[in-house]
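User: I would like to take a close look at one part of this protein, namely its aromatic rings and what surrounds them. Please go slowly, as I am in my first year.

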Amino acid sequence: REECGALYLHVITYNLGAIRLYERMGFARVKEIKDYYTINSVNYDCFLYARYFHGNRGHKTTFGVLYDLASSIVRKLSYALIPAE
């Protein structure tokens, strides 16, 4: 039986509401992609997020997993200081 090992999504970098939601749902930020979106002839960056399943850690090393955990804690603390729109 084959199972899905990962689910990926892209989100524009200024969409803080979506970013908060994805991180609460267990998605991890993989990388930033420059000029991914073009809206009204203006380029915007995006974040690539992933959520891993069934023991799959994807591209992550143990250090990467720990780094992401620490980064997530810092982001959540910084989000607490930014008022919701």
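User: Is Tyr 22 buried, partly exposed or exposed, and what is its relative accessible area? Please start there, and then describe the ring pairs and the surroundings in which they sit.

Analyst: Before anything else, please keep in mind that this is a predicted model, and that the values below are computed from it. Tyr 22 is partly exposed, since its relative accessible area is 22%, and the limit for calling a residue buried is under 20%.

To place this residue, it helps to have the whole chain in view. The protein contains 2 helices and 3 strands, and along the sequence these follow the pattern β-α-β-β-α. Of its 85 residues, 26% are buried. Among contacts with a separation of 6 or more, 55% join residues that are 24 or more positions apart.

Now to the rings themselves, where the count comes to 6 aromatic pairs. One of these pairs is made by Tyr 8 and Tyr 52, whose ring centres are 6.4 Å apart and whose planes stand at 85 degrees, so the arrangement is edge-to-face, the label for planes over 60 degrees apart. Because Tyr 8 belongs to strand β1 (residues 6-12) and Tyr 52 to strand β3 (residues 42-52), this pair ties together parts of the chain that are 44 residues apart in sequence. The two partners also differ in their cover: Tyr 8 counts as partly exposed, at 47% relative accessibility, whereas Tyr 52 counts as buried, at 19%.

The residue you asked about takes part in another pair, for Tyr 22 and Tyr 49 have ring centres 6.5 Å apart and an angle of 55 degrees between their planes, which makes the pair tilted. This pair, too, links distant parts of the chain, with Tyr 22 in helix α1 (residues 16-24) and Tyr 49 in strand β3, 27 residues apart. While Tyr 22 is partly exposed, Tyr 49 is buried, with a relative accessible area of 0%.

If you follow the ring pairs onward, you will find that they link Tyr 22, Phe 27, Phe 47 and Tyr 49 into a cluster. Phe 47 has a charged companion as well, as the charged end of Arg 29 sits over its ring, 3.7 Å from the centre.

Some members of this cluster reappear when we turn to the nonpolar core. The largest nonpolar core has 8 residues, and Phe 27, Phe 47 and Tyr 49 are among them, together with Leu 9, Val 11, Ala 18, Ile 19 and Tyr 79. The elements β1, α1 and β3 each give two or more residues to this core. In soluble globular proteins, nonpolar side chains tend to be buried together.

It is worth returning to Tyr 8 in strand β1, to see what lies around it. Apart from neighbours within four places in sequence, Tyr 8 is in contact with Leu 48, Tyr 49, Ala 50 and Tyr 52, so that list includes its ring partner Tyr 52 and also Tyr 49, the ring partner of Tyr 22.

Strand β3 holds a residue of another kind too, namely Asp 45. Asp 45 is buried, with a relative accessible area of 18%, and its side chain makes a polar contact of 3.4 Å with the side chain of Lys 34. Leaving aside neighbours within four places in sequence, the residues in contact with Asp 45 include Ile 12, Thr 13, Tyr 36 and Tyr 37.

Key. Residues numbered from 1 in each chain as written. Predicted model: local features only at pLDDT ≥ 70, side-chain atom pairs only at ≥ 80, totals over all residues. Heavy atoms only, no water. Phe/Tyr/Trp six-rings, centres within 6.5 Å; stacked < 30°, edge-to-face > 60°. Helix = DSSP H or I, 4+ residues; strand = E, 2+ residues; numbered from the N terminus. Buried < 20%, exposed > 50% of the residue type's maximum accessible area, 1.4 Å probe, protein only. Lys NZ or Arg CZ within 6 Å of the ring centre and 35° of its normal. Core = buried A, V, L, I, M, F, W, Y, C linked by side-chain atoms within 4.5 Å. Contact = heavy atoms within 4.5 Å. Polar contact = N/O pair within 3.5 Å; in protein donor to acceptor, adjacent residues only side chain to side chain.
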